[in-house]
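Let's walk through this structure together, starting with how its chains meet and ending with a few details of the backbone.

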Protein chains: 2
Amino acid sequence: MSLTWSLKAFSLGVVAFSLSLELLCWLFGRLKHRGTLNKVLIFPSEVACVEYLFRPNSVGLCFCGLPHGVETSFSHLLRYILSASSSLDLCLFSFSNIDLKRAVILLHEKGVTIRVVVDKDYSAITGSQIGCLRKAGIRVRCEADYVHMHHKFAVVDSRLLITGSLNWTLTAVQCNRENVIITEEAELVQPFIKEFERLWVLNDPARVYNNL
Amino acid sequence: MSLTWSLKAFSLGVVAFSLSLELLCWLFGRLKHRGTLNKVLIFPSEVACVEYLFRPNSVGLCFCGLPHGVETSFSHLLRYILSASSSLDLCLFSFSNIDLKRAVILLHEKGVTIRVVVDKDYSAITGSQIGCLRKAGIRVRCEADYVHMHHKFAVVDSRLLITGSLNWTLTAVQCNRENVIITEEAELVQPFIKEFERLWVLNDPARVYNNL
């Protein structure tokens, strides 16, 4: 075999090797992007029993009058919240839904770090569950600077964003037309993490009282 | 050159060619994904003059007392709405913001197809701009079936989703802590388009009166 042909074969080999590497990167990128969660939940949700989400071993053992074994927008929402394994940051205008409170307290008892920022006025209205969260030892900070702290978002494990039009109330879940976006898209998640950290620091009681 | 080497060189050529094709697809995919808009606007917005968005030729000619030449969350929001070239679908709980009404009417006058679904109770409150939209000839349908039609989203050209916690009011824009997501992510946009079409058909007056 001539030297020219050896060189040609070698060059082709190099090209094939580098392109294989690019292909692997591409496949990895594709798989990574395919794995990025983007989901929309539409409300009102059907009303169904969600006991199995709190006590997975109780499937088939709940005798309440609600339909069982039905996946609803609300059960999906609960599932995403309960998927938190290290942290849950909540920034909520209004929080009176008992099942959502139960989910948050369950996570707190499991050792998940919970932080809550709420609207000062709405944290004290009838039915608000903010008092229960505080009683359970969860850190809650109130925002009073603006007319309303109207956000309604949660960040799970600094990775998953849950946001939309839905206030965390029973009426919103069962009676209103609402939407909730669930996304891991970093370009969407990061600004919400930044906003949460900003409001968390801004409403630190130590800072607020020092400025009085 | 032996036949074996020719075959080897040929195989390598084929591999290199197919991998080059894959590489081109990857590059195309990357560029396409990079072009997908994902943006978050945080409110309250600074207050600034937005006249230049309605009359691009008026830059430098407005003498109102507001700051000029300042980009704010609200000016970004207006820009995305005004980018509509064929259609704008609005699904809004409350609509009393004068600048947003002006933007919608401007688009209507330019020939953009506008459809609006609103909450029946909130469409009639003091300051609501729904009457002005109707007077301008824009089709508006009212949702009265549920406690609240609490959505607050817009779909621009069946492609761009604008949604979040922000009601289309002056208080929400200037005084509340709010968020708006702007996205072209199809997995997020499509369910909102589907929800809009569903509510549009459900609240068709012909259908509603036939069912009375």
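The paragraphs below go from the symmetry to the interface and then to local features.

A word on conventions comes before the tour: this is a predicted model, in which local features need pLDDT of at least 70 and side-chain atom pairs count only at pLDDT 80 or more, while totals for chains, interfaces and linings use all residues. Residues are numbered from 1 along each chain as its sequence is written, chains are lettered from A and ligands numbered from 1 in the order in which they are written, and side-chain values use heavy atoms, with hydrogens and water left out.

How are the two chains related? Chain A superposes on chain B after a rotation of 180° with 0.3 Å of shift along the axis, with an RMSD of 0.3 Å (a least-squares fit on the C-alpha atoms of residues with pLDDT of at least 70 in both copies). This is the relation of a two-fold axis. Both copies use the same surface, since 100% of the contact residues of chain A recur in chain B.

Now look at the interface itself. Chain A brings 49 residues to the contact and chain B brings 50 residues, where contact means heavy atoms within 4.5 Å. About 4400 Å² is buried between the chains, and carbon and sulfur atoms give 68% of that area (the accessible area, with a 1.4 Å probe, that two parts lose on being put together, summed over both). Two salt bridges cross the interface of chain A and chain B, each pairing a side-chain nitrogen of Lys or Arg with a carboxyl oxygen of Asp or Glu within 4 Å. One of them joins Arg177(B) to Glu143(A), at 3.1 Å from N to O. On the side of chain A that touches chain B, several elements give two or more residues, including α1 (3–34), β1 (38–43) and α7 (186–202); helices (H or I, at least four residues) and strands (E, at least two) are DSSP runs numbered from the N terminus. The largest share, 12 residues, comes from α1(A).

Finally, turn to the backbone. Most residues other than glycine have a negative phi, and most peptide bonds are trans. In chain A, a cis peptide bond joins Phe43(A) and Pro44(A), with omega about 10°, and Pro44(A) lies in the loop between β1 and α2 (51–54). Chain B also has a cis bond from Phe43(B) to Pro44(B), with omega near 10°. Ser158(A), in the loop between β5 and β6 of chain A, has a positive phi near 50°.
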